[in-house]
Amino acid sequence: MAGHSKWAQIKRQKGVADARRGALFTKLAREITVAARQGGGDPDMNPRLRLAVERARDANMPMDNIERAIKRGVGETDAAALQEVTYEAYGPGGVAILIEALTDNRNRTVADIRSIFNKFGGSLAEAGAVTWLFDQRGVVVVGDVTPERAEELALLAIDAGAEDFRTQDGSLEVYADPSSLDAIRRALSEAGASVASAEISMVPKSMTQLDERQAEHLLKLLDRLDELDDVQRVHSNAEFPDAVLAAYSA
């Protein structure tokens with residue numbers, strides 16, 4: 001998953017612009033609300049909620065916002081309107097794309113997503129068309145590590161339940177069964193590692209190589225999808241040319 005992983009890493013390194021911070025908080029609050037609705041409002045007893053709260057804290061989301069989102073999940077009626085929906089699609093160059101959304105209006109969400117594909121290339125697909133190309137995995141990313149430190153942390157992660165890892169561009173990516181995600185994050189954090197992200201992700205089984213023109217269109221498409229308030233996560237099996245990613249990071 002190197003190509004898509006690099007795209008996600010670059011987005012993290014760029015940081016969140018102030019103009020988009022409110023949208024990010026909306027996404028995080030929705031995830032917290034649904035997690036609390038499904039598993040209860042105690043993060044110690046609800047792994048999905050615990051991870052959602054950790055992501056919100058990492059994004060410097062105010063604690064008041066987090067607590068309000070939990071309360072909505074355990075008692076208020078507006079939380080029940082949110083539905084989890086996954087859309088499948090093909091992008092430029094035949095890239096497989098999975099879009100995870102939380103929405104209170106499916107018609108609005110699918111119309112917004114379809115509009116983006118119409119503009120930047122590709123189309124929505126039938127249910128099951130591309131899901132089989134991905135595996136659900138827990139993914140923990142540690143940033144700013146030397147090769148020696150990465151090896152040390154990888155061994156620690158394996159002891160905590162990790163199944164695989166890879167290093168690239170000064171970061172360590174750890175892959176595991178989703179049930180081990182929280183234990184791995186805790187183990188790495190307690191070891192002093194700088195955990196950039198820890199989430200359940202759809203990891204591609206194989207990659208689709210793009211030329212520069214296709215990659216540029218896809219990056220614009222992925223960014224536009226990511227900007228939609230209803231969209232929580234976007235996954236693809238794209239392998240981007242290094243030159244395109246370098247220009248994007250700049």
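This passage describes the arrangement of a four-stranded sheet and its helices, a second pair of helices, and several residues with positive phi in a predicted model.

The sheet is open and consists of four strands in the order β5-β6-β4-β7, and the pairing within it is antiparallel. The edge positions are taken by β5 (164–168) and β7 (195–204), each of which has a single partner strand, so that one side of each is left without a neighbour in the sheet. Averaged over the sheet and with direction ignored, neighbouring strands are turned by 25 degrees against each other. Strand β4, comprising residues 134–142, pairs with strand β6, comprising residues 171–176, in the antiparallel sense, and five bridges connect the two. Val-141 has Glu-173 of β6 as its bridge partner. Helix α6 packs on this sheet, where it touches β4, β5 and β6, and the direction of α6 makes about 15 degrees with that of β6.

Helix α6 (residues 147–159) also packs with helix α7 (residues 181–190), the angle being about 140 degrees and the axes lying 9 Å apart. Because angles have to be over 145 degrees to count as roughly antiparallel, α6 is classed as oblique to α7. The crossing in which α6 passes α7 is right-handed. On the side of α6 the contact is made by Leu-153, Leu-156 and Ala-157, and on the side of α7 by Ile-184, Ala-187 and Leu-188. In this contact of α6 with α7, six residues are nonpolar, while no polar and no charged residues take part.

The residues that α7 contributes to this contact, Ile-184, Ala-187 and Leu-188, are buried, as are Leu-181, Asp-182 and Arg-185 of α7. The cover over the buried residues of α7 includes the helices α3 and α6 together with the strands β4, β6 and β7. Just after α7, Gly-192 adopts a positive phi of about 90 degrees.

A further helix pair is formed by α8 (residues 212–227) and α9 (residues 242–249), whose axes come within 9 Å and cross at roughly 40 degrees. This angle makes α8 oblique to α9, and the crossing of α8 and α9 is right-handed. From α8, the residues Glu-212, Ala-215, Glu-216, Leu-219 and Asp-223 meet Ala-243, Val-244 and Tyr-248 of α9. The contact of α8 with α9 divides into five nonpolar and three charged residues, with no polar residue among them, whereas the contact of α6 with α7 has no charged residues.

Backbone conformation is considered last. Most residues other than glycine have a negative phi. Asn-60, however, is a residue other than glycine with a positive phi, near 65 degrees. Asn-60 is placed in the loop between α3 (47–58) and α4 (63–75), and at 60% relative accessibility this residue counts as exposed. Asp-144 likewise has a positive phi, of about 55 degrees, although it is not a glycine. The position of Asp-144 is in the loop between β4 and α6, and with a relative accessible area of 79% Asp-144 is exposed.

Methods
Residues are numbered from 1 along each chain as its sequence is written. This is a predicted model: local features need pLDDT of at least 70, side-chain atom pairs count only at pLDDT 80 or more; totals for chains, interfaces and linings use all residues. Side-chain values use heavy atoms; hydrogens and water are left out. Axes are lines fitted to C-alpha atoms, for helices over the stretch in contact, and angles run from 0 to 180 degrees between N-to-C directions. Angles under 35 degrees count as roughly parallel, over 145 as roughly antiparallel, 65 to 115 as roughly perpendicular and the rest as oblique. A crossing is left-handed if the near helix is turned anticlockwise from the far one by less than a right angle, and right-handed if clockwise. Contact means heavy atoms within 4.5 Å. Ala, Val, Leu, Ile, Met, Phe, Trp, Tyr, Cys and Pro count as nonpolar, Asp, Glu, Lys and Arg as charged, and the others, Gly among them, as polar. Two strands pair if DSSP finds at least two bridges between them. Buried means under 20% relative accessible area, exposed over 50%, partly exposed in between (1.4 Å probe, protein chains only).
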